[in-house]
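Work through these exercises with the model open beside you. Try each task before reading its solution.

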Amino acid sequence: MNLVLRRVAAMVPALIGVVVCIFVLTRVLPGDPARTLAGDQADPSVVAKIRTEMGLDKPLHVQLVQYFSDLLHGNLGYAWHTGHSVASDFASRLPATVELALVALVIALLAGVPLGVVSATRRDRPVDHAGRVFSLLGASMPLFWLGLMVIVVFYNKLGVAPAPLGRVSEGVNPPTDITGLYIVDSLMTGDMVALRSSLSHIIWPALCLATGSTAIIARMTRSAMLEVIGQDYVRTAVSKGLKPSVVTLKHALRNAAPVIVTISGLQFGQLMGGAVITETVFTWPGIGSYVVQSVLATDYAPVQAFTLVAAVVYLAANLLVDLVNARLDPRIADA
Amino acid sequence: MPETALEPQTAESAQSAQPAVKPQTTLRLLLRNKLAVVGLVFIALWTLGAVFADLLPYGATQPGAGGLLQGPTLAHPFGTDNFGRDLLSRVLAGGRISLWTGLIAIAISLLIGVPLGAFAGFVRGRAGGLVMRLMDMLLAFPSLVLAMAIAAAMGPGMVSAMVAVGIVGIPEFARIVHGQTLSLRERDFVEAGHAIGLPARSILIRHIVPNALAPILVRATLGMGYAILTAASLSFIGLGAQPPDPEWGVLISDGRGYIISGEWWMTTFPGLAIATSILGFNLLGDGLRDVLDPRLRTSK
């Protein structure tokens, strides 16, 4: 408990820093939000009026205090293009993004960890080379292109994927809203029709989103495992006649776990960025596609708010990583 | 005994005083690495394509070069788009934009990140700590999201994308140089510099930064691929290059509306262009790392 409090307290300055960073980057860089909003052809008086409305005519420190005060009141700004507050738009769309990112993370872990373990235990064999090629391709493939190719092949040509429109097929009712995560809600209410439909819709964007993370998790697992496998206690375990699978899974993987947990936490933060692209390609109704719609409507308050939310998610994921690692390795908790 | 113990240390120090990157040796070792050569070939092909794109019979933005939405033919190997523009010309000209974007973004990251990291590592203390905490803060943002926020604040366009991608890359370089400076400043040749009265700036610029060049070069090469990818992603969502500029992300965004109706070539070729160029920089970066830091060869 003490550790939890300590780590949460350590997050506060980081959060303040993140907010200041966003503020500085969006106010100090060249570019005039009032001009962008009004359009290139707008009359200077109109631009000046918008600038006053947005508070941009005030000194920077006053704007910063105002920004903090707004955030503390849960005010993330106003989205001109939807006519709602950004906070309410986010609240309705966040579950779709969280569900997509979580499913992608689960896929990345289920594929990446075994791939890394197998590559490490069969080092320099064909499976290890295949793993390296996959890692390289995964890191080089543009996510938006991969998504489009998946749609072309699996929806257009093979017809095995549903139309990339929304979280459930047309004609299927979404499950009763409990958590906002369709898979969880349909399981809780026993709605198998909604479960099947939501699984068939989420699997394709989640697979695309997971590709890059799978490659990174596999690579990090491999190097963490190689480091552990070379240590004396593993050699001792082998020499006292334990089965190779027991040595790998119980002795080696357990000690490589903190590295895997750490990289997974970092990847969850990055998945928020990837969600912007994936959601746009698959018309997934989360905050990522909402942010892109905002960009196209030259409405930038949601972009700033998303940056903040993504950074908070990243910090929270790091906190979770610290706590899980403290459980896995008592030396970390004592540090 | 003391003499023998001193010998390797002195030899190591003397070696460290030389810049770690020797171009001819590096190139020779690099050409022995098959994967790095594959990477170099990809990069060379796209660079040549970008340089000679204007020699093709059709202009990158010339409408009606062929029929509308024609599939690949001998006259138009990559097909044509919805305005009848030749896609091969557009993809090659797009390479010019993407490669320039990558180069300028990396230059921005280097020009700001390297001095910041070197400063923080050299002076240490409160000022150095503050710089590095700021860098850590920037690393707390998912890179694409941070680039989006910066590009949106500056207004959509290619320059915004370059600056955004450049700023996102700063903390990585600062961290690398910071780490290198921290270890190098304890070395004998730096202490010797202090002893003979060299000013701190001179020690930093002439002795420490050149010795940190190897990891900077590796990071810059890997960063090129990443910069091209991020800039293309920004263009794809409307924050980078704007149509009719044939940037690769724009081309894929243009072709997006036509994949359901079967015009696959509009997205496939620009996508392959991005993937192969990034792969090229990744392979070359990995190869450079192997050559410049032999310790990493075993853990790759």
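**Exercise 1. Find what covers the buried residues of H12(A).**

Solution. This is a predicted model. Step one: look within chain A. The cover includes strand E1 (78–79), helix H5 (86–121), H11 and H13 of chain A. Step two: look across to the partner chain. Helix H6 (143–154) of chain B also belongs to the cover.

Step three: count. Of the 10 residues of H12(A), 8 are buried, and the helix is mostly covered. Step four: name them. The buried residues are A:Ile287, A:Gly288, A:Ser289, A:Tyr290, A:Val291, A:Val292, A:Ser294 and A:Val295. Step five: go past the end of the helix. A:Thr298 follows H12(A) and has a positive phi, near 45°.

**Exercise 2. Describe the side of chain A that touches chain B.**

Solution. Start with the contact count. On chain A, 43 residues are in contact with 37 residues of chain B. Next, find the helices. Those that each supply at least two residues to this side are H1 (2–28), H6 (126–140), H7 (143–157), H9 (192–229), H11 (244–281), H12 (287–296) and H13 (301–328) of chain A. H13(A) gives the most, with 8 residues. Then sort the residues by class. This side of chain A has 30 nonpolar and 13 polar residues, and no charged ones. Last, check the scores for the complex. The predictor gives an ipTM of 0.84 and a pTM of 0.86.

**Exercise 3. Which residues touch the most other members of the largest nonpolar core?**

Solution. The core holds 170 residues. B:Met148 and B:Ile150 touch the most other members. Now ask which element gives the largest share. H9(A) does, with 16 residues. Then take B:Met148 and set aside its neighbours within four places in sequence. B:Met148 is in contact with A:Val276 and A:Val303 in chain A, and with B:Leu234 and B:Leu239 in chain B.

**Exercise 4. Set the record's features against the model.**

Solution. Begin with chain A. An unreviewed UniProt entry lists residues 12–29, 100–121, 133–155 and 202–221 as "transmembrane region". Check two of these spans. Residues 100–121 of chain A are 100% helix and 0% strand, with end C-alpha atoms 32 Å apart. Residues 133–155 of chain A are 91% helix and 0% strand, and their end C-alpha atoms lie 26 Å apart.

Move to chain B. There UniProt, again in an unreviewed entry, places "domain: ABC transmembrane type-1" at residues 95–285. In the model that span is 82% helix and 0% strand. Its end C-alpha atoms lie 19 Å apart.

**Exercise 5. Draw up a profile of each chain.**

Solution. Take chain A.
- Its secondary structure comes to 14 helices and 2 strands.
- Its C-alpha trace spans about 80 × 55 × 40 Å along the principal axes.
- Of its 335 residues, 41% are buried.
- Among contacts with a separation of 6 or more, 70% join residues 24 or more positions apart.

Now take chain B.
- It has 12 helices and 0 strands.
- Its C-alpha trace spans about 80 × 45 × 30 Å along the principal axes.
- Of its 300 residues, 53% count as buried.
- Among contacts with a separation of 6 or more, 71% join residues 24 or more positions apart.

**Exercise 6. Where in chain B does pLDDT stay under 50?**

Solution. First take the whole chain. The mean pLDDT of chain B is 86, and 91% of its residues reach 70 or more. Then go to the start of the chain. Over residues 1–18 of chain B, pLDDT stays under 50. The model has 7 contacts beyond four places in sequence for this stretch.

Notes:
Residues are numbered from 1 along each chain as its sequence is written. Chains are lettered from A and ligands numbered from 1 in the order in which they are written. This is a predicted model: local features need pLDDT of at least 70, side-chain atom pairs count only at pLDDT 80 or more; totals for chains, interfaces and linings use all residues. pLDDT is the predictor's confidence in each residue, from 0 to 100. Two residues are in contact if their C-beta atoms, placed from the backbone, lie within 7 Å. Helices (H or I, at least four residues) and strands (E, at least two) are DSSP runs, numbered from the N terminus. A residue is buried if 20 or more other C-beta atoms lie within 10 Å of its own, exposed if 12 or fewer, and partly exposed in between; C-beta atoms are placed from the backbone. Ala, Val, Leu, Ile, Met, Phe, Trp, Tyr, Cys and Pro count as nonpolar, Asp, Glu, Lys and Arg as charged, and the others, Gly among them, as polar. UniProt positions are given in the numbering used here, feature names are shortened, and annotations may be inferred rather than shown by experiment. A nonpolar core is a set of buried Ala, Val, Leu, Ile, Met, Phe, Trp, Tyr and Cys residues joined through C-beta atoms within 7 Å.
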